[in-house]
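Hi,

Here is the structure I promised to pass on. Have a look at it first, and then read my notes underneath.

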Amino acid sequence: MEKSCFYLALFLSLFTTTVLAGDPDMLQDVCVADLNSSVKVNGFPCKADITADDFYFKGLANPGATNNTMGSVVTGANVEKVPGLNTLGVSLSRIDYAPGGLNPPHTHPRATEMIFVLEGELEVGFITTSNKLFTKNITKGDIFVFPRGLVHFQKNNGVEPAAVIAAFNSQLPGTQSLAVTLFGSTPEVPESVLTKAFQVGTKEVDKIKSRFAPKKN
């Protein structure tokens, strides 16, 4: 019964995202992405020789490793992993959270996100452009929606691991984590911008930057 509910929710989420797709409409049955092409287009050019494997991915079956600073990990199933998604306007991700784990405030500039809780409990929320926070505690079997482009987060306040499946109405929704974007960009955002924006001194900015600076090989 639980599996049936999961697949029903997944189907409904995919159906909804297809109807409200933000990507350009397809003009043919399939256009499997040629990820190695040097041609630059809005999306990916189509490759000539395709197989069933272009539409297949099993990377969401198992939990991802959450032994990192945030205690969470995102495993994507987008066009870069499933070339057959090219022009179809949908993708999925699996997000795993350790107890206390956080998927930090971020945005998806090209997609609305809908999550379905596989296990555990989460505090989730998004902030509108009028600076209003909408937040809710959700648990196994629940669904929550994050509107396109709005800052949002998920936090596991439970004592057990948690996991969700996320559906997007884009083949490549994009992710901008606010902290990494502002304090870990290359080249760096000028200190004068950050100190004025956050009303802090250069020492505080440098301390935060040291934690998000790109790792050097």
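A word on pairing before the sheet: two strands count as paired here if DSSP finds at least two bridges between them. Also keep in mind that this is a predicted model.

With that in hand, there is an open sheet of five strands, ordered 6-5-8-3-10, and its pairing is antiparallel. The edges belong to strand 6 (133-139) and strand 10 (176-177); each has a single partner strand, so one side of each has no neighbour in the sheet. At one of those edges, strand 10 pairs with strand 3 (residues 102-107) over two bridges, in the antiparallel sense. Thr107 is the residue that stands opposite Gln176 of strand 10. Strand 6, for its part, is joined to strand 5 by seven bridges, again antiparallel. Val124 has Lys136 of strand 6 as its bridge partner. Strands 5 and 6 form a hairpin with five residues between them, and Asn131 in that hairpin takes a positive phi near 70°.

Stepping back to the whole chain: I get four helices and ten strands. Along the sequence they read α-β-β-β-β-β-β-β-β-β-β-α-α-α, so by the DSSP numbering from the N terminus helix 1 comes ahead of the strands. Of the 217 residues, 36% are buried. Among contacts between residues at least 6 apart in sequence, 69% join residues at least 24 apart. The chain exposes about 13200 Å², with carbon and sulfur atoms supplying 58% of that.

Now the inside. Which residues have the most contacts within the largest nonpolar core? They are Ile115, Leu122, Val124, Ile138, Phe144 and Val164, in a core of 16 residues. Two or more residues each come from strand 2 (91-97), strand 4 (113-119), strand 5 (121-127), strand 7 (143-146) and strand 9 (162-168). Strand 9 gives the largest share, four residues. Val164 is a good place to start looking: leaving out residues up to four places away in sequence, Val164 touches Ser93, Arg94, Ile95, Tyr97, Ile115, Phe116, Val117, Leu118 and Leu122. Val124, mentioned above for its bridge to Lys136, is on the core list as well.

On the surface, Val30, Ile50 and Phe55 make a nonpolar patch with about 230 Å² of accessible area together. Ile50 sits in the loop between helix 1 (2-19) and strand 1 (72-77). Its relative accessible area is 38%, so Ile50 counts as partly exposed.

Last, the salt bridges. How many are there in the whole structure? The search finds three:

- Lys47 with Asp54, where the closest N and O atoms are 3.0 Å apart. Lys47 is partly exposed at 28% relative accessible area, whereas Asp54 is buried at 8%.
- Arg94 with Asp96, at 3.0 Å from N to O. Both of these residues are buried. Arg94 is also among the residues that Val164 touches.
- Lys209 with Glu188, the closest N and O atoms being 3.1 Å apart. Lys209 lies in helix 4 (residues 202-212) and Glu188 in the loop between helix 2 (178-183) and helix 3 (191-198), so the pair ties together parts 21 residues apart in sequence. Lys209 is buried, with a relative accessible area of 8%, while Glu188 counts as exposed at 56%.

Cheers

How values were computed
Residues numbered from 1 in each chain as written. Predicted model: local features only at pLDDT ≥ 70, side-chain atom pairs only at ≥ 80, totals over all residues. Heavy atoms only, no water. Buried < 20%, exposed > 50% of the residue type's maximum accessible area, 1.4 Å probe, protein only. Contact = heavy atoms within 4.5 Å. Areas by Shrake-Rupley, 256 points an atom, 1.4 Å probe, with all protein chains shown as cover. Core = buried A, V, L, I, M, F, W, Y, C linked by side-chain atoms within 4.5 Å. Patch = residues over 30% accessible without salt bridge, like charges linked within 9 Å, V, L, I, M, F, W, Y side chains within 5 Å. Salt bridge = Lys/Arg side-chain N within 4 Å of Asp/Glu carboxyl O.
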